[in-house]
Amino acid sequence: LSTGEVLKNLNKFYKRKEIQRLGAENGLDARLFHQAFISFRKYIMESSSVSADLHIILNDICCDAGKYLGHVDDLFPFFLRHAKQIFPMLDCMDDLRKISDLRLPPNWYPDARAIQRKIIFHAGPTNSGKTYHAIQRFLSAKSGIYCGPLKLLAHEIFQKSNDANVPCDLLTGEERVYANEDARQAPHIACTIEMCSTNTPYEVAVIDEIQMIRDPARGWAWTRALLGLCAEEIHVCGEPAAIDLVTELMYTTGEEVEVRNYKRLTPLTVLDYALESLDNLQPGDCIVCFSKNDIYSVSRQIEARGLECAVIYGSLPPGTKLEQAKKFNDPDDPCKILVATDAIGMGLNLCIKRIIFNSIVKPTVNEKGEKEIDSITTSQALQIAGRAGRYGSSFKQGEVTTMHRDDLVQLKEILNDSVPPVKAAGLHPTPEQIEMFAYHLPDATLSNLIDIFVSLSQVDGLYFVCNIDDFKFLADMIQHIPLNLRSRYVFCTAPLNRKEPFVCTTLLKFARQFSRNEPLTFDWLCRHTKWPLAAPKNIKELVHLEAVHDVFDLYLWLSYRFMDMFPDAVLVRDIQKKLDDIIQIGVCNITRLIRASQSAAAPGTAEVVSEDFPLSRTKRDARVVSDRHGAKSTEALSIAAGVPGERRVKNLKAYRSAARQEDLKSHGRGSLANRLLREGLLTQEMLRQLESEWQNQHRNGRYGLGSKRDDQNSSKETGKKKK
């Protein structure tokens with residue numbers, strides 16, 4: 001057979017609408033159809049021989065040109081047979097579609113559907129008292145459950161309840177603390193939302209920050225709580241933007257929603273001027289950054305001015321965050337300035353007078369798991385800005401501004417925009433659904449099972465399937481380790497940051513030893529983490545200590561799911577508290593750590609943190625790419641992150657605005673070359689090359705009158721381009 005003729009007819013087969021329709025009827029959507037065809041074509045073109053019946057069909061099609069003996073449509077049975085070999089689920093497609101049908105989530109919770117629940121939505125901005133009123137009802141009830149997004153919030157309600165003589169347990173992924181000394185369950189419980197029980201009956205349930213039901217990664221937990229909690233009264237707290245969605249979801253369960261609106265208790269003013277210089281800082285100021293590098297840089301500059309500052313960012317342990325917040329709030333402490341990420345948006349009570357946005361550009365992850373770089377949303381801006389002027393603090397009103405003058409106009413626009421309504425609630429496949437898939441597809445890996453589940457899942461317009469990239473990453477990482485499906489699923493839902501190699505490596509070791517049925521002892525963990533650990537001497541060591549803290553969290557999380565295999569939770573919790581104290585020492589001396597890191601770094605590298613120059617704001621956590629000349633290219637980053645063209649222009653302007661230096665006066669010290677070296681925009685090698693080129697051009701007389709004219713023309717062209 002002529003390979004050219006065979007290839008031509010195969011491509012004709014692929015393009016026929018009738019064949020694509022037949023494929024869809026047999027469970028091959030456009031993506032699967034394409035993958036199956038590529039594999040089928042490769043099999044025919046690269047095989048030394050094919051089955052006799054397929055060879056006869058191909059011969060009839062190619063030699064007869066489809067006139068009398070054969071037609072390309074005759075290839076479909078062979079194509080479908082091949083597709084079923086590479087996609088085994090095609091044989092049980094109807095069953096799999098039923099399992100992955102996510103169109104009626106309310107039906108997953110028969111206990112909740114068996115009672116008539118009263119839904120009360122407390123809607124309002126930050127610092128409006130909405131959660132306070134819900135908690136008052138929680139405390140007055142005979143039994144209750146509080147569901148919050150953070151351990152800090154759950155811990156706060158746990159303390160408030162017990163202080164008010166209402167016995168309340170604490171339940172997070174890593175620990176359970178009983179109010180009663182005999183470990184008897186209290187009628188009230190404060191928990192992180194993923195840990196709430198949908199089987200235990202309560203009089204009152206409180207679901208905090210309901211707008212997070214749209215979160216691409218964690219939204220499923222709010223959906224589960226809202227639809228599944230067995231409580232006579234459900235008090236939902238959050239942004240008004242979620243009212244319509246909650247009302248629609250409750251309509252499908254036959255439950256009505258009562259909305260109670262709240263207004264902010266203290267005034268919040270957007271100032272008409274930017275800070276422009278750290279010399280203008282006042283007691284009670286909080287500078288909000290969106291990267292650790294900016295945190296380090298700004299805190300160094302503040303302390304260089306003789307001021308003391310507290311530091312809070314997301315990866316710090318909860319205990320350290322609380323200590324830093326306590327230090328900042330203490331009127332007798334000399335620390336009057338706070339430098340923080342958006343981690344202050346919820347979970348911490350802070351006495352802030354003025355919020356100052358160091359930048360209004362933030363790296364984010366969209367619903368598809370793709371990185372994007374864009375201005376902060378109205379919801380984020382309001383959440384952060386609302387922390388200023390907390391009701392009951394020493395500041396009776398709050399203020400908000402930006403570090404740079406150019407950002408202030410855009411911040412005002414963002415704050416004046418209305419928050420877009422929450423349109424859909426997140427869902428996530430349950431272990432039971434994945435087990436049923438595995439029954440039909442015993443040879444598929446867990447990662448493939450998840451992929452197939454998502455591709456076949458059907459949701460209506462009120463829901464979406466949450467991003468499962470982290471789950472799949474862990475599934476692929478431990479795939480080679482022999483584990484039963486339920487244990488494998490639990491390991492893959494472990495809460496860890498996959499960007500931390502040490503934590504990921506530890507999970508791998510945990511899984512490997514677990515598979516050998518060898519308990520993970522306290523001694524083993526101490527050897528692995530090299531405990532005891534000393535106070536950090538530089539930023540790198542501080543980051544490692546934070547990773548070790550996460551490893552201890554991971555051990556405790558697994559110990560509540562596999563108690564016999566992770567038996568030393570009490571001992572691990574004790575050393576975790578000691579580690580928390582060590583990290584607090586490091587954070588209190590963060591300026592010294594930055595200085596030590598700077599002196600250890602190579603001259604001219606982008607990681608150097610200069611006292612006068614913060615790290616270029618174009619070099620953020622989202623990994624700004626360098627072009628081949630070494631310059632930081634924000635446009636290249638936007639393209640790499642998949643940002644659309646119009647938004648790239650907008651982002652580029654925002655970055656150029658953010659990249660302006662904090663203070664011309666302080667930044668003007670030293671020669672231009674030295675300043676560029678400190679900023680990381682120039683290396684020693686580039687400087688030597690520039691010097692060599694300058695000397696050669698000078699020697700060759702390149703800078704005469706004609707050259708000046710060329711330079712002038714060039715500058716005009718540059719001006720046009722800028723325009």
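## Pairing and the model

Two strands pair if DSSP finds at least two bridges between them. Strand 1 and strand 7 (residues 230-238) meet that rule, pairing in the parallel sense over 6 bridges. Helices (H or I, at least four residues) and strands (E, at least two) are DSSP runs, numbered from the N terminus.

This is a predicted model, in which local features need pLDDT of at least 70, side-chain atom pairs count only at pLDDT 80 or more, and totals for chains, interfaces and linings use all residues. Residues are numbered from 1 along each chain as its sequence is written, and side-chain values use heavy atoms, with hydrogens and water left out.

## Overall make-up

The chain holds 30 helices and 18 strands. Of its 723 residues, 49% are buried. Buried means under 20% relative accessible area, exposed over 50%, and partly exposed in between (1.4 Å probe, protein chains only).

Contact means heavy atoms within 4.5 Å. Among contacts in the chain with a separation of 6 or more, 73% join residues 24 or more positions apart.

## Helix 1 against helix 3

Two packed helices are described by the angle between their axes and the distance between the axes. Helix 1 (residues 3-15) packs on helix 3 (residues 30-46) at an angle of about 165°, with the axes 11 Å apart. Axes are lines fitted to C-alpha atoms, for helices over the stretch in contact, and angles run from 0 to 180 degrees between N-to-C directions. Helix 1 and helix 3 are therefore roughly antiparallel to each other. The classes are under 35 degrees for roughly parallel, over 145 for roughly antiparallel, 65 to 115 for roughly perpendicular, and oblique for the rest. The crossing of helix 1 and helix 3 is right-handed (the near helix is turned clockwise from the far one by less than a right angle; anticlockwise would be left-handed).

Helix 1 brings Thr3, Val6, Leu7, Leu10, Asn11, Phe13 and Tyr14 to the contact, and helix 3 brings Phe33, His34, Phe37, Phe40, Arg41, Ile44 and Met45. These residues of the contact divide into 10 nonpolar, 3 polar and 1 charged. Ala, Val, Leu, Ile, Met, Phe, Trp, Tyr, Cys and Pro count as nonpolar, Asp, Glu, Lys and Arg as charged, and the others, Gly among them, as polar.

Helix 1 also holds Asn9. Asn9 is buried, at a relative accessible area of 8%. Leaving aside neighbours within four places in sequence, Asn9 is in contact with Ile61, Cys62 and Val72.

## The mixed sheet of 8 strands

An open sheet of 8 strands runs in the order 4-3-5-2-6-7-1-8, with mixed pairing. Its edges are strand 4 (176-177) and strand 8 (257-261), each with a single partner strand, so one side of each has no neighbour in the sheet. Helix 9 (residues 151-163) lies across strand 2 (144-148), strand 3 (168-171), strand 4 and strand 5 (188-192). The helix runs at about 165° to strand 3.

Strand 1 (residues 118-123) pairs with strand 8 in the parallel sense, over 5 bridges. Phe121 stands opposite Val259 of strand 8. Towards strand 7, the bridge partner of Ile120 is His235. In strand 1, 5 of the 6 residues are buried, so the rest of the structure largely encloses this strand.

## The parallel sheet of 6 strands

A second open sheet has 6 strands in the order 9-16-13-10-12-11, and its pairing is parallel. Strand 9 and strand 11 (309-312) are at the edges with a single partner strand each, so one side of each is left without a neighbour in the sheet. On average, neighbouring strands here are turned by 20° against each other, direction ignored. At one end, strand 11 runs parallel to strand 12 (residues 337-340), joined by 4 bridges. Val311 has Val339 in strand 12 as its bridge partner.

Strand 16 (residues 398-402) is parallel to strand 9 (residues 268-270), with 3 bridges between them, and Leu268 stands opposite Gly398. Strand 13 (residues 354-357) pairs with strand 16 in the parallel sense over 4 bridges. There, Ile355 stands opposite Val400.

## Cover over strand 16

In strand 16, 5 of the 5 residues are buried, so the strand is largely enclosed by the rest of the structure. Both faces are covered: Gly398, Val400 and Thr402 are buried on one side, Glu399 and Thr401 on the other. Helix 14 (residues 378-385) lies across strand 16, along with strand 9, strand 10 (285-288) and strand 13. Helix 14 runs at about 140° to strand 13.
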